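Dear colleague,

I am handing over a structure that you have not worked with before, and the notes below it set out what was found. Please read them with the model open beside you.

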Amino acid sequence: MTRRAARQFTTALWALGVGGLAFIWVFPLLWAIATSFRPPGSLGSQIASLWVPHPSLANFREAWGSAPFLRLYYNTAVVVFGILAAQLVTITLAAYAFARIEFPGRELLFRLFLLQLMVAPSSLILPNFVTIKTLGLLNTRLAIMIPYFASALGTFLLRQAFRGVPRDLEDAAAIDGCTTFQTLRHVFIPLARPTLIAFSIVSVVYHYNEFLWPLIITDTDRARTVTVGLASFTQSAEAAAQWNLIAAGTVIVILPLLVLFILFQRRFVESFMYSGLKG
Amino acid sequence: MARRALRAGPPIFSFVAQTEVPTLAAAAPAAATSASARRRRRMAQGYLFLLPSLALLATFTYYPILTTAELSLYRATATVRSHAFVGTGNYLTIAADPIFHQVLRNSAEFLAGTVPVTVALALVLALMLNRPHLLVTPFRTAFFYPALLPLIGAAAIWLFVYTPGYGLMDVYLKRIVGGGVAWLQDPTWALPAVMLVSVWKNAGYYMLFYLAGLQTISTELYEAARIEGASAWQVFRSITFPLLGPTTLFVLVIASINAFQSVDQIWIMTAGGPDNTTNVLLFYIYQTAFMFFDFGKAAALTIFLLAVLMGIAALSFGVLERRIHYEV
Amino acid sequence: MKRSMQYALLLTALLLAALSGAQGVGAQGAVTIRCYYPIGVSGPLNAVMTGMFNEFNASHPGIHAEPVFAGNYVETMAKAMTAVLGGTPPDLAILDTPELYSLLDRDAIISLDDLVAKSGGKAWLDDYYGALLLNNRSNGRLYSIPWQRSTPIFFYNKDLFRKAGLDPSHAPKNWDELVQDAQKLTIRDSSGQVTQWGVEAPVVDTSPWVFQGFLIEAGANFFDSNLGKWVKFNTPEAVGALQFILDLQTKYKVHPTGPSSAAFWGQVPQDFVQQKVAMIYTSTGNMTFIRTNAKFDWNAGFMPAGKKYGAPTGGGSFYVFSHTPQDHVQAAWTFITWMTSPANAARWSIATGYVPIRKTELSTPAFASYLQQVPQALTATLQLRVAGEQMTIHDVDQVGTMLVTAVQAAQSGRLTTQAALDRAQRDATQLLSKY
């Protein structure tokens with residue numbers, strides 16, 4: 001076998017192996033998509049099959065009509081990107097301080113940051129409700145966002161990326177007369193781009209899917225997010241689960257996020273191609 | 001790449017540069033005090049950079065933790081108006097609570113059963129998908145998408161997967177190994193079934209951190225290893241894995257915390273049952289606070305969980321951080 | 001350095017200002033009341049609910065009623081409780097009816113007796129089904145008005161009855177008949193695998209709802225219906241009820257084995273429409289699902305009787321919150337009486353499958369034509385005459401969970417029926433001792 005053929009063979013093996021696992025992983029989603037096209041009243045014995053003999057949009061029509069989804073999408077976009085924008089500022093500053101600046105109490109403060117990861121979100125609801133009420137922010141999108149403007153997760157992740165930045169690059173920037181901000185912008189942030197993108201994906205996904213806090217802190221659709229809309233027709237605890245309707249609702253909610261992820265993915269892969277292939 | 005950025009980057013914060021440059025110039029004559037002054041200014045900068053985060057954390061994290069700690073010392077069940085100070089009463093109650101003991105065992109089992117598997121799987125996936133290929137993006141999406149799913153949808157899908165008779169697990173698995181198990185109703189299988197969902201949901205999520213970590217490893221090291229004729233395993237043992245140390249630390253901490261905090265799928269799939277066999281700490285806290293409205297006991301449980309997680313974090317730092325190489 | 005910091009802070013501040021839009025205010029000059037509501041059955045009910053609010057507001061210029069969707073029952077209660085403790089209670093809310101003492105213990109709700117007296121008193125109230133008012137009272141005072149109420153009933157597949165040689169017009173009337181019919185309806189293949197079960201009863205899900213029906217049928221007097229201070233879970237009657245369920249599973253082998261659960265609750269109606277089971281117990285709230293998905297002849301009947309007929313009621317009622325101004329209380333009451341007027345209540349029953357809450361609701365034109373389409377809907381209403389009270393006590397969710405785990409422990413064989421119910425009784429008594 002030539003080396004070229006051998007390489008092609010390993011690639012094929014790779015595609016087969018990883019592809020097989022990927023198929024298992026994606027099967028529940030494929031099933032949900034198939035089921036979302038199953039017309040109401042046809043939850044027959046072939047329900048586990050991916051084949052839908054008479055696809056219908058009825059579930060999507062019912063799901064879409066159950067909540068003002070355009071408005072909820074808009075609110076969700078404002079909330080997730082608002083949180084992300086604020087987080088990127090706060091975590092960059094904090095991560096740089098933890099990674100590169102010597103000051104008394106640094107380790108202690110870092111451990112203190114990590115508390116945010118560990119405290120159970122449900123135990124924050126009541127005290128934060130009172131704080132938000134005191135601030136006069138009840139029923140606003142800002143109320144949904146503000147508790148998340150600081151992120152221990154982002155700080156933790158970015159601190160590690162920043163600690164991996166070679167000292168000589170930083171020193172070179174200082175010799176070139178760069179201010180701290182310029183060094184951050186031109187040295188640290190570009191080198192930490194994969195980390196920043198990974199964190200951005202995680203942050204957007206987490207806040208996109210948050211449910212209980214937005215539900216409790218807001219009353220009207222003017223401020224609420226898509227998960228609240230989804231809950232309005234899928235939480236049929238008293239009745240049988242309508243798989244096809246729930247599936248349609250899930251597809252409606254997940255679709256923008258999936259597109260967004262694939263777009264981010266491209267950036268992610270590009271940043272890899274750049275640093276990985278050219279060093 | 002960074003050097004290119006430096007060259008390409010004209011100082012865009014021009015007014016910043018203007019303020020900075022005179023400061024530096026003015027500092028030059030006073031060389032005697034400059035070193036300590038610069039150090040002090042640098043320290044001030046450190047605190048200043050932390051200020052926005054700290055102010056937010058103080059308001060929305062530390063203050064609630066303190067109120068929770070205070071509440072845990074009160075009997076706050078029957079009526080809000082008659083909060084009675086009970087000291088360690090709530091802690092003694094949970095120490096003697098047989099359900100709490102079962103919850104602890106379940107949580108430990110959940111932790112031991114999900115964290116190593118998920119993290120190892122995440123690392124393998126990242127290594128497999130850290131290459132340029134047309135299929136990489138679809139594959140990564142396939143593994144990551146469970147993290148995108150809203151809980152209500154994901155849990156409903158898995159409820160279906162596990163339904164005996166016509167769920168995916170039964171229909172397809174039966175052909176291979178035989179079925180007939182009511183996964184979520186069987187005291188033996190319910191917790192493993194919930195754990196599997198956790199692995200499915202999180203492996204792609206942690207993979208993302210490993211992928212990000214892999215980008216920071218210089219390709220020169222691999223070049224050198226290749227020239228010396230190192231095997232793939234040797235490269236992994238002596239380059240990739242050690243240099244992924246910070247990421248592994250991070251992922252382990254996050255995964256352990258998540259293992260304790262996975263409450264959502266439990267809520268929809270089993271509600272902690274049957275007979276509390278899938279009841280884990282955070283679910284128990286949620287149940288105690290928002291279903292039973294025993295806020296004092298819920299607060300005590302929260303503080304306990306916080307202490308456990310802090311212990312785990314301290315342990316991981318103690319063990320791992322010393323062995324980690326940061327400088328590349 | 002300093003100025004660059006200011007620049008960053010300014011940027012953040014601008015961002016915040018841009019993001020936080022000012023919120024509008026309600027209708028001018030009108031009393032605005034907020035009503036939290038849960039959605040417990042599937043369907044586009046959010047739209048139906050919002051439509052009713054809009055209609056009310058259009059016909060009542062002095063009042064603006066604001067619909068606030070609040071998740072399922074647990075989440076709605078969590079939202080209401082957070083708002084109460086945070087000092088901004090809603091004016092009214094639809095909550096799971098047995099939460100009565102949870103709300104009362106926190107001084108969160110008001111008694112409705114005075115308002116009822118002004119609206120026509122006993123004569124007005126008597127139009128509501130008595131069974132639905134049983135657990136809306138404590139110590140003789142009324143605290144809530146029924147709204148979306150349900151009850152478990154018995155569904156059976158008439159086609160499968162015919163195939164098994166049973167009379168499809170004759171549903172099992174008591175436990176003995178249930179066992180006999182179920183034995184004929186349980187079908188095994190040559191290898192002994194069950195291909196069709198006789199009966200499925202989701203006795204416990206997140207609450208011990210259907211099980212309460214069995215307790216009532218067994219003649220168990222299992223809780224303090226007046227003050228909600230005690231339970232009796234381990235009486236011979238209660239143990240007998242649990243033993244009967246275990247017998248269906250392990251002695252007669254006509255019911256799938258293993259503990260009942262929330263997942264099983266959702267599975268049962270599916271199994272029924274897929275003809276994997278011939279007879280089921282489930283909520284009236286599932287009638288619409290069964291009607292649209294069943295491709296066979298089916299009927300509904302009473303839950304078969306033990307010593308007597310019996311079924312608990314379920315579902316949500318309107319509660320009015322305390323610490324709200326008098327004009328808000330009045331407006332909330334106007335809203336409740338409008339919503340539960342026969343025509344509006346009938347609209348909601350038809351859209352959701354919940355049982356009619358008032359006797360006059362049945363004679364509205366809309367409901368009369370609905371009954372012609374779905375004659376089975378009347379069964380639930382008739383069963384209300386023999387219904388018992390749903391367990392409504394202090395710490396009802398926690399005590400309920402104790403009973404749920406006890407039933408599951410017995411069903412999984414981890415404890416005997418007596419030991420399991422003794423455990424629940426001991427834990428519940430200890431918990432309730434503080435009241």
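To begin with one pair of residues, C:Ala93 stands opposite C:Tyr319 in β12(C). Please keep in mind throughout that this is a predicted model.

C:Ala93 belongs to a well-covered part of chain C, for strand β3 (residues 92-96) of chain C is mostly covered, with five of its five residues buried. Five bridges join β3(C) to strand β12 (residues 314-320) of chain C, and these two strands run antiparallel. Strand β1 (residues 31-37) of chain C is also joined to β3(C), here by two bridges and in the parallel sense, and within that pairing C:Ala93 in β3(C) is the bridge partner of C:Tyr36. C:Tyr319 in β12(C), for its part, also has C:Ser144 standing opposite, and β6(C) and β12(C) are joined by six bridges and run antiparallel.

Put together, these pairings belong to an open sheet of five strands in chain C, with the order β2-β1-β3-β12-β6 and mixed pairing. The edges are taken by β2 (63-69) and β6 (144-150) of chain C, each of which has a single partner strand, so one side of each is left without a neighbour in the sheet. From one strand to the next, the twist of this sheet averages 20°.

Two helices of chain C lie across strands of that sheet. Helix α2 (residues 45-59) of chain C lies across β1 and β2 of chain C and runs at about 170° to β2(C). Helix α14 (residues 326-339) of chain C lies across β1, β2, β3, β6 and β12 of chain C, and runs at about 55° to β1(C).

There is another open sheet in chain C, in which five strands follow the order β8-β9-β10-β7-β11, again with mixed pairing. Here β8 (187-188) and β11 of chain C stand at the edges, and since each has a single partner strand, one side of each is left without a neighbour in the sheet. Inside this sheet, strand β9 (residues 194-200) of chain C is joined to strand β10 (residues 277-283) of chain C by three bridges, the two running parallel, and C:Trp197 stands opposite C:Val277 in β10(C). Strand β7 (residues 152-157) of chain C pairs with β11(C) in the antiparallel sense over four bridges, and there C:Tyr156 stands opposite C:Asn299 in β11(C).

The edge strand β11 deserves a second look. In a regular strand the side chains alternate between the two faces of the sheet. In strand β11 (residues 298-301) of chain C, the covered face holds C:Trp298 and C:Ala300, while C:Asn299 and C:Gly301 make up the uncovered one.

Taking chain C as a whole, the secondary structure comes to 19 helices and 12 strands. Its C-alpha trace spans about 80 × 60 × 45 Å along the principal axes. A compact globule of 435 residues would have a radius of gyration near 22 Å, and chain C, with 24 Å, agrees with this. Buried residues make up 54% of the 435 residues in chain C, and among contacts in chain C with a separation of 6 or more, 74% come from residues 24 or more positions apart.

Turning to the contacts between chains, 35 residues from chain C meet 32 residues from chain B. On the side of chain C that touches chain B, α1 (2-19), α3 (73-85), α12 (262-273) and α18 (396-411) of chain C each supply at least two residues. By class, that side of chain C has 12 nonpolar, 13 polar and 10 charged residues.

Chain B also meets chain A, with 83 residues of chain B in contact with 92 residues of chain A. Helix α3 (residues 31-71) of chain B gives the most to the side of chain B that touches chain A, supplying 19 residues. By class, this side of chain B has 61 nonpolar, 18 polar and four charged residues.

The last point concerns the largest nonpolar core, which has 316 residues, and in which B:Met207 and B:Tyr210 touch the most other members. Helix α9 (residues 190-215) of chain B gives the most to this core, with 17 residues. Apart from its neighbours within four places in sequence, B:Tyr210 is in contact with B:Ala122, B:Leu123, B:Ala126, B:Leu244, B:Thr247 and B:Val251.

With best wishes

Terms used
Residues numbered from 1 in each chain as written. Chains lettered and ligands numbered in written order. Predicted model: local features only at pLDDT ≥ 70, side-chain atom pairs only at ≥ 80, totals over all residues. Buried ≥ 20, exposed ≤ 12 C-beta atoms within 10 Å, placed from the backbone. Pairing = 2+ DSSP bridges. Contact = placed C-beta atoms within 7 Å. Nonpolar A, V, L, I, M, F, W, Y, C, P; charged D, E, K, R; others polar. Axes fitted to C-alpha atoms, helices over the stretch in contact; angles between N-to-C directions. Core = buried A, V, L, I, M, F, W, Y, C linked by C-beta atoms within 7 Å. Rg over C-alpha atoms; globule rule 2.2 N^0.38 Å.
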